Amino acid sequence: HVQLVESGGGSVQAGGSLRLSCAASRSTATAASMGWFRQAPGKEREGVASIASSGTTTYADSVKGRFTISKDNAKSTVYLQTNSLRPEDTATYFCAADPLPSAWRCRLMARSNFKHWGQGTQVTVSS
């Protein structure tokens, strides 16, 4: 069974950076599409970034140029480097995996396609 464990969240001032990690069960990051989603109070969970099994990445417009998703297949770990953080980035960040990936599914970052979810890690950005 796929298990995902996020870490690296915390509190940071605007303009700062955090590196989020998602440790996935064996081979998940290699075989699956992986995504980072976030949910702020009163808002729907939204896709932030995704990375296909091939390594192709997709970003939400709101984070493009500031966040970078990457993975280490050997460690089955996915990362989200968050730079130039803004208060609007404050949210719980979730790692997710789509076990039956395709290029278009990964680009869509549709919640329904990601069947496995971590517990989330809190990111708080103060002004």
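**Exercise 1. Determine which residues form a disulfide, and describe the link.**

Step 1. Cys22 and Cys95 are joined in a disulfide, with their sulfur atoms 2.0 Å apart; the criterion is a pair of cysteine sulfur atoms within 2.5 Å. The model is predicted, so local features need pLDDT of at least 70 and side-chain atom pairs count only at pLDDT 80 or more, whereas totals for chains, interfaces and linings use all residues. Residues are numbered from 1 along each chain as its sequence is written, and side-chain values use heavy atoms, with hydrogens and water left out.

Step 2. The torsion about the S-S bond of Cys22 and Cys95 is about -75°, so this disulfide is left-handed.

Step 3. The pair links distant parts of the chain: Cys22 lies in strand S3 (residues 18-24) and Cys95 in strand S9 (residues 91-98), 73 residues apart. Strands (E, at least two residues) and helices (H or I, at least four) are DSSP runs, numbered from the N terminus.

Step 4. Cys22 and Cys95 are both buried. Buried means under 20% relative accessible area, exposed over 50%, and partly exposed in between (1.4 Å probe, protein chains only).

**Exercise 2. Establish the state of Cys106.**

Step 1. Cys106 takes part in no disulfide, and the nearest cysteine sulfur, that of Cys95, is 12 Å away.

Step 2. Cys106 has a relative accessible area of 2% and is therefore buried.

**Exercise 3. Describe the surroundings of Thr68.**

Step 1. Thr68 belongs to strand S7 (residues 67-72).

Step 2. Because its relative accessibility is 40%, Thr68 counts as partly exposed.

Step 3. Leaving aside neighbours within four places in sequence, Thr68 is in contact (heavy atoms within 4.5 Å) with Tyr59, Tyr79, Leu80 and Gln81.

Step 4. Thr58 is ten residues from Thr68 along the chain, and their C-alpha atoms are separated by 9.4 Å.

**Exercise 4. Characterise the overall fold and dimensions of the protein.**

Step 1. The protein contains two helices and eleven strands. From the N terminus on, the order is β-β-β-α-β-β-β-β-β-β-α-β-β.

Step 2. For 127 residues, a compact globule would have a radius of gyration near 14 Å, and the 13 Å of the protein agrees. This radius is taken over C-alpha atoms, and the globule rule is 2.2 Å times the number of residues to the power 0.38.

Step 3. Along the principal axes, the C-alpha atoms fill a box of roughly 40 × 25 × 25 Å.

Step 4. Of the 127 residues, 47% are buried. Among contacts between residues at least 6 apart in sequence, 60% join residues at least 24 apart.
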